[in-house]
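Dear colleague,

Please find the structure below, handed over for your consideration. A summary of the findings follows it.

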Amino acid sequence: MTENTQANFENREVYPKGREIDLCLFRHGEASGQDVGAELSSKGKEQAKEAAEIFLRQIVESGGGAIKVISSPVPRARQTAEIMQTVLQKEILENKIEGV
């Protein structure tokens, strides 16, 4: 690294700042078994719903932001993501939450 490059690297004000994002990862809820095809149990469905409600509350308290839900194709992960997506969309629409 040249002296000039080192100075630029250490002084990040030289470069324009990019958009800041938060990445939140969620593990699937409790499943009915350990095999790859296992689906969520009733408790797992409740866990996913509760996680979405807590997540949305944190987003609103921090000033809003965009939400994108991405999931593995494994059934229990997909089901968790679908429940979270449904809860998030319902709450945003029903409560007319702006900035999310």
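**Fold, core and pocket**

Along the sequence the protein reads α-α-α, with three helices and zero strands (DSSP runs numbered from the N terminus: helices H or I of at least four residues, strands E of at least two). This is a predicted model, in which local features need pLDDT of at least 70 and side-chain atom pairs count only at pLDDT 80 or more, while totals for chains, interfaces and linings use all residues. Residues are numbered from 1 along each chain as its sequence is written, and side-chain values use heavy atoms, with hydrogens and water left out.

Of the 100 residues, 20% are buried (under 20% relative accessible area, 1.4 Å probe, protein chains only).

The largest nonpolar core (buried Ala, Val, Leu, Ile, Met, Phe, Trp, Tyr and Cys residues joined through side-chain atoms within 4.5 Å) has eight residues: Ala48, Ala52, Phe55, Leu56, Ile59, Met84, Val87 and Leu88. Its largest share, five residues, comes from α2. Leaving aside residues up to four places away in sequence, Ala52 touches Met84, Val87 and Leu88 (heavy atoms within 4.5 Å).

The largest pocket (on a 1 Å grid over the protein atoms alone, an open set of points where a 1.4 Å probe fits, with protein on both sides within 12 Å along at least five of seven lines) is lined by 27 residues, each having an atom within 4 Å of a point. Asp22, Leu23, Cys24, Phe55 and Lys68 lie nearest its centre. The elements giving two or more residues to this lining are α2 (42–61) and α3 (75–94), and α3 gives the most, with four.

Yours faithfully

Note on methods:
Buried means under 20% relative accessible area, exposed over 50%, partly exposed in between (1.4 Å probe, protein chains only).
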